[in-house]
Amino acid sequence: MALIAAKDIKTVAILGAGVIGSGWASRFLASGLDVIAWDPGKTGEATLRANVANAWPALTKVGLKPGASQDRLKFVATMEEAVKDADFVQESAPENEELKVKMHRQATAAAKPGAIFGSSTSGLLPSDFYKEAKNPERCLVGHPFNPVYLLPLVEVCGSKWTSDEAKQIAIEFYKSL
């Protein structure tokens, strides 16, 4: 299975649009990427858009990359729709192992085979919640420092299945932000 190269990542899916997911969306948009977001909450889209708008002045001060625009944010009704065209998937769901197992089983099955998956988890082991993922060699932890849109630090670690190639691609991608 060929993974998507860091330089070819143009579309990112956000799974979970709370504080961390919104911060990721803001950073990705400021980097000139397309963002497709999903959140199961009734106010998910409104919260996401408000958080991105709140972060935008600070991002503008630190410098937007060519193509940066809040208009590149799309909110969709299902997790599967969010990931189907994504080159990179950033999951920021609550710290609940059972929830993350279910989400990654569904999302990895619906995503392009070469798409990389990063989880914003801070306390769960990736080998536990990626255990039912399709192509788990592309799945890893990409845990941000907060606020995500301002602090350019991301902890990257793999599961027992994560390939070295996937880790390198994720590191290159996060550095490009």
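## Overall architecture

The protein contains 6 helices and 7 strands. This is a predicted model. Read from the N terminus, the elements follow the order β-α-β-α-β-α-β-α-β-α-β-β-α. The radius of gyration is 15 Å, close to the 16 Å that the globule rule gives for 177 residues, so the protein is as compact as a globular protein of that length.

Along the principal axes, the C-alpha atoms occupy a box of roughly 40 × 35 × 30 Å. Of the 177 residues, 48% are buried. Where contacts join residues at least 6 apart in sequence, 71% of them link residues at least 24 apart.

## The sheet

The 7 strands are arranged in an open sheet with mixed pairing, in the order β3-β2-β1-β4-β5-β6-β7. Its edges are formed by β3 (73-75) and β7 (154-158), each of which pairs on one side only. On average, and with direction ignored, neighbouring strands of this sheet are turned by 25 degrees against each other.

At the β7 edge, the pairing with β6 (residues 139-144) is antiparallel and comprises 5 bridges. Within this pairing, Leu140 has Gly158 of β7 as its bridge partner.

## Helices on the sheet

Helix α1 (residues 19-30) packs on the sheet, where it touches β1 (11-15), β2 (34-38), β3, β4 (88-91), β6 and β7. The direction of α1 makes about 170 degrees with that of β1.

Helix α4 (residues 97-110) lies across β1, β2, β4, β5 (116-119) and β6. With respect to β5, helix α4 runs at about 165 degrees.

## Nonpolar cores

The largest nonpolar core has 32 residues, and Phe28, Phe88 and Phe173 are those that touch the most other members. At least two residues of this core come from each of β1, α1, β2, α2 (44-62) and α6 (164-176). When residues up to four places away in sequence are not counted, Phe173 touches Ala6, Ile9, Val12, Phe28, Leu33 and Phe88.

A second core, separate from the largest, consists of 21 residues. Among them are Val101, Ala107, Phe117 and Val141.

## Two loop residues: Ser31 and Gln70

Ser31 is located in the loop between α1 and β2. The relative accessibility of Ser31 is 13%, which is under the 20% limit, so this residue counts as buried. Its side chain reaches the backbone oxygen of Arg27 at 3.0 Å. Apart from neighbours within four places in sequence, Ser31 is in contact with Lys65 and Leu177.

Gln70 is located in the loop between α2 and β3. Because its relative accessibility is 29%, between the limits of 20% and 50%, Gln70 counts as partly exposed. With neighbours within four places in sequence left aside, Gln70 is in contact with Leu29, Val52, Ala53 and Trp56. Gln70 and Gly32 are separated by 38 residues in sequence, yet their C-alpha atoms are 9.4 Å apart in space.

Terms used: Residues numbered from 1 in each chain as written. Predicted model: local features only at pLDDT ≥ 70, side-chain atom pairs only at ≥ 80, totals over all residues. Heavy atoms only, no water. Pairing = 2+ DSSP bridges. Helix = DSSP H or I, 4+ residues; strand = E, 2+ residues; numbered from the N terminus. Axes fitted to C-alpha atoms, helices over the stretch in contact; angles between N-to-C directions. Contact = heavy atoms within 4.5 Å. Core = buried A, V, L, I, M, F, W, Y, C linked by side-chain atoms within 4.5 Å. Buried < 20%, exposed > 50% of the residue type's maximum accessible area, 1.4 Å probe, protein only. Polar contact = N/O pair within 3.5 Å; in protein donor to acceptor, adjacent residues only side chain to side chain. Rg over C-alpha atoms; globule rule 2.2 N^0.38 Å.
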